[in-house]
Amino acid sequence: MKIDRLLAMTILLLNRERVSAKELADRFEVSTKTIYRDMETLNQSGIPIVAHQGTSGGFEIMEQYTIARQFLTLNEINTMVSVVKGITGIVDDSKFASLLEKVKALLSKADTIHAEKSTTGIIFDFNPWGQSPAERDKVNILKQSIEETRKVSIQYLNMNGKESERVIEPSALILKGYIWYLHAYCTLRNDFRVFRLSRIHELKMLMEQCTRRETPSLDGYVWEAEWSTDVKHEMILNFDRQVRHRIVDSFDPEMVTVLEDGSIQVMGEFAKDEWFYGMLLSYGEHVKVEQPANVAEEVVRRAQRIVERYVNVDR
């Protein structure tokens, strides 16, 4: 639509010093004659467009002109720019790129120069180091299926290592910390479920469409204790000082005590599941289970089974 093109042109010119008629024509897929007519329309509507002739010519908006930004301060707009930049880094969506341009357009050219020299002190980067492109591809496919209300077929590996094939109706993507989750209606369970994207395999968007269901509210979405049926037990774990950097990343500060010899003691409640034992074994010789004794014995049994796998290894 012409009105959408005119708005997009205005936003672009507010964020750029000068843009040629050819560049505008290529960007908006119209003729240069249409661009000249659009510039005249913008001028007549009160937007001060300046035309420059010559090889370096083009169109620009007078320096003092900006879209009214109401009560937003320069720092608030800079923060919005930082957040939107972070989002555009994880989702391939032209709407977010357009949003970034619109937010930037709230700044005058003088403010833009000032903003480039200053900083908000916070950078929003939602891409974890080492993440493969496959995760981003999943996000884009699921986002498309949500927008088009289409069903999706997946192979899912749950936390107990059991794999199942499911047909789901995606409802919302959730970025929790640096981990992506999907809130979807599962036709296998006949209820809404939350799926971790890293455990979704063989993702395929189906041609079959679905009717949008009334979804549970995701406001304040938090972990509910009843989701886990495993009983938790009080435990005491002692770690060597060499792994202190991992301890502060993994455990609540209230659970951690630094002892006189520099070792670290962790006291808390844990479920005796595969995740827990895998976590303990990942510390190798740098951890010892002080209590309870049955957990220490299980760690020994698992370590012995690991050793047995290498008995016949050629040296």
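**An antiparallel sheet and its neighbouring helices**

In this predicted model, four strands (DSSP runs of E, at least two residues, numbered from the N terminus) form an open sheet of 4 strands in the order β9-β10-β8-β11, with antiparallel pairing. Two strands count as paired if DSSP finds at least two bridges between them. The edge strands, β9 (256-258) and β11 (287-291), each pair on one side only. Neighbouring strands are turned by 30° against each other on average, direction ignored. Axes are lines fitted to C-alpha atoms, for helices over the stretch in contact, and angles run from 0 to 180 degrees between N-to-C directions.

β9 and β10 (residues 264-271) run antiparallel and are joined by 3 bridges. V256 stands opposite V266 in β10. Helix α9 (residues 274-281) packs on the sheet and touches β8 (232-239), β10 and β11. Contact means heavy atoms within 4.5 Å. The direction of α9 makes about 5° with that of β8. Helices are DSSP runs of H or I, at least four residues.

Helix α1 (residues 2-15) has 14 residues and should span 20 Å at 1.5 Å a residue; its end C-alpha atoms are 20 Å apart, which agrees. The expected span is 1.5 Å times one less than the number of residues. Buried residues (under 20% relative accessible area, 1.4 Å probe, protein chains only) in α1 include R5, L6 and M9.

Mean pLDDT, the predictor's confidence in each residue from 0 to 100, is 81 for the protein, and 78% of its residues reach 70 or more. Among the elements, helix α6 (residues 109-117) has the lowest mean (62) and β11 the highest (94). Where pLDDT is low, the predicted coordinates should not be read in detail.

Residues are numbered from 1 along each chain as its sequence is written. Local features need pLDDT of at least 70, side-chain atom pairs count only at pLDDT 80 or more, and totals for chains, interfaces and linings use all residues, while side-chain values use heavy atoms, with hydrogens and water left out.

How values were computed: Buried < 20%, exposed > 50% of the residue type's maximum accessible area, 1.4 Å probe, protein only.
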